[in-house]
Amino acid sequence: MRPRVLTIDTIESVRQALKAMRVSPEGIDIMSPKAVYRLVKITDIDCRAANIIKQEMLARGGEAAAPYELYKLDTRKIDMVLMGTARQFDALLYKLERQPFGLPALAADIKRALDNYTKTPPAVQTGRFSLDLAARTHIMGILNITPDSFSDGGRFFDFDAAFAQAKRMVDDGVDIIDVGGESTRPGAESVSLNEELQRVVPLVERLSAELDVPVSIDTYKPEVARRALDAGASLINDINGLRDGQMVELAAERAVPVVIVHMQGNPQTMQHKPVYGDVVAEVIDWLDRQAQRVIAAGVAEHNIIVDPGIGFGKTLAHNVELLRRLAEFKSIGFPLLLGTSRKAFIGTILDLPVEERLEGTLATVVYAISKGAHIVRVHDVRETRRAVAIVDAIMGGGRS
């Protein structure tokens, strides 16, 4: 038989593979942690602490890459990458817990990141509905009650047309209907509170009463979210990332799931030359810090979903890099929602108008699911449902 390289990425998958080969239980326990290899990047670490980490990791057979300034043994800050098996990391963390220079706290952070990477997502309770994100990918259908959204602006601005579109999405297999009354396309003008309320609240009320799917409210205004929840919505999707304290208070008070979206700037300014040093690291760091702030304010951890905000204050290169390294978002341990549907970066790559971006959207959806996305936010529910069913089947059902 020809040798082959296995694509196994979790300890549990290793255990199952060894068990299928009739390896002894003792051997499985010993070997499984040796078969999973991780690279962990640490940033802004004191050279004295970094030197201890490097020596301890090397002593356990792992690797530690760091700049030459490491050997200055002073308080300057450096970055480093640790490379090793799960067992080597376990041994390293045990040692670091007993070291100075803040290393016990760092060991706890590394352990959290490693555990989160293969963490099973919780079931998300949205009103009377339970979304089992570990079982399969869920589809959030976009319903814009606006005259100026970038893709379907004006198509469903009429109340009856919007309700008919929602029914079609249910027939096509949508899991969540996301209702928005204000366009968030680049350069879009904001609408008044009263105008947004008039657009979304009556529709949310009818959708919640007549359709058997949860309804999400896509807004950054706390009062719109409050009125939508009163009307039957059971999830808040906030492009402003819950930076408004009143929105945080509302989410905690109502105990509903929230989507924290990353956005640099606002819809009017976000595409005016956005700049990042490392877009993936910066977005992950912001989402994690914001989630922890929201949790400290009373929102339950199991009610938090994060969204890297593709297209919200990012260039083409930023969007592509976020997708390429999407698996890194698993390190913070929250369910991941991704919205790429028909967006401008797809049009730029394919040189196609909005109405011809379906295939490009599906490519990003399939890739994102393979890298850890749990919910995909799309316009084209039927086509997405078919693509998602295939990729979920290939991935074997169980998802982390």
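Before we start, one bit of vocabulary: Ala, Val, Leu, Ile, Met, Phe, Trp, Tyr, Cys and Pro count as nonpolar, Asp, Glu, Lys and Arg count as charged, and the others, Gly among them, go down as polar. We'll use those classes once we look inside the pockets. Keep in mind, too, that what you have in front of you is a predicted model.

Let's take in the whole thing. The protein has 400 residues, and along the chain you can pick out 14 helices and 13 strands. Picture a box drawn along the principal axes: the C-alpha atoms fill roughly 70 × 55 × 45 Å. Is that what you'd expect of a compact globule? A compact globule with 400 residues would have a radius of gyration near 21 Å, and the protein has 23 Å, so the two agree.

Now for how the chain packs. Buried residues make up 51% of the protein, where buried means under 20% relative accessible area. If you take the contacts with a separation of 6 or more, 68% of them join residues 24 or more positions apart. As for the outside, the accessible surface comes to about 18500 Å², and carbon and sulfur atoms account for 52% of it.

Next, the empty spaces. Rolling a probe the size of a water molecule over the atoms shows where empty space is left. The largest pocket holds about 1200 Å³ of space. To find it, look for V40, K41, I42, A113 and S331, which lie nearest its centre among the 36 lining residues. Which element gives the largest share of this lining? That's β1, with ten residues. Strand β1 spans 37-46, and it is joined by α5 (103-117) and α10 (279-296) in supplying at least two residues each. Sorted by class, the lining of this pocket has 17 nonpolar, three polar and 16 charged residues.

Then there's the second largest pocket, with a volume of about 950 Å³. Its lining counts 32 residues, and D9, T10, I11, R38 and T118 are the ones nearest the centre. Two or more lining residues come from each of α1 (11-20), α4 (86-96), α5 and α13 (358-370). Here the largest share belongs to α4, which gives five residues. Back to our opening vocabulary: this lining has 13 nonpolar, nine polar and ten charged residues.

One last thing to look for in the model is helix α5. It supplies at least two residues to the lining of the largest pocket, and it also gives two or more to the lining of the second largest pocket.

Definitions and conventions
Residues are numbered from 1 along each chain as its sequence is written. This is a predicted model: local features need pLDDT of at least 70, side-chain atom pairs count only at pLDDT 80 or more; totals for chains, interfaces and linings use all residues. Side-chain values use heavy atoms; hydrogens and water are left out. On a 1 Å grid over the protein atoms alone, a cavity is a set of points where a 1.4 Å probe fits but cannot get out, and a pocket is an open set with protein on both sides within 12 Å along at least five of seven lines; lining residues have an atom within 4 Å of a point. Grid points are joined across faces, edges and corners, and a volume is the space filled by probe spheres set on the points. Helices (H or I, at least four residues) and strands (E, at least two) are DSSP runs, numbered from the N terminus. The radius of gyration is taken over C-alpha atoms; the globule rule is 2.2 Å times the number of residues to the power 0.38. Buried means under 20% relative accessible area, exposed over 50%, partly exposed in between (1.4 Å probe, protein chains only). Contact means heavy atoms within 4.5 Å. Accessible areas come from the Shrake-Rupley method with a 1.4 Å probe; for residues, only the protein chains shown count as cover.
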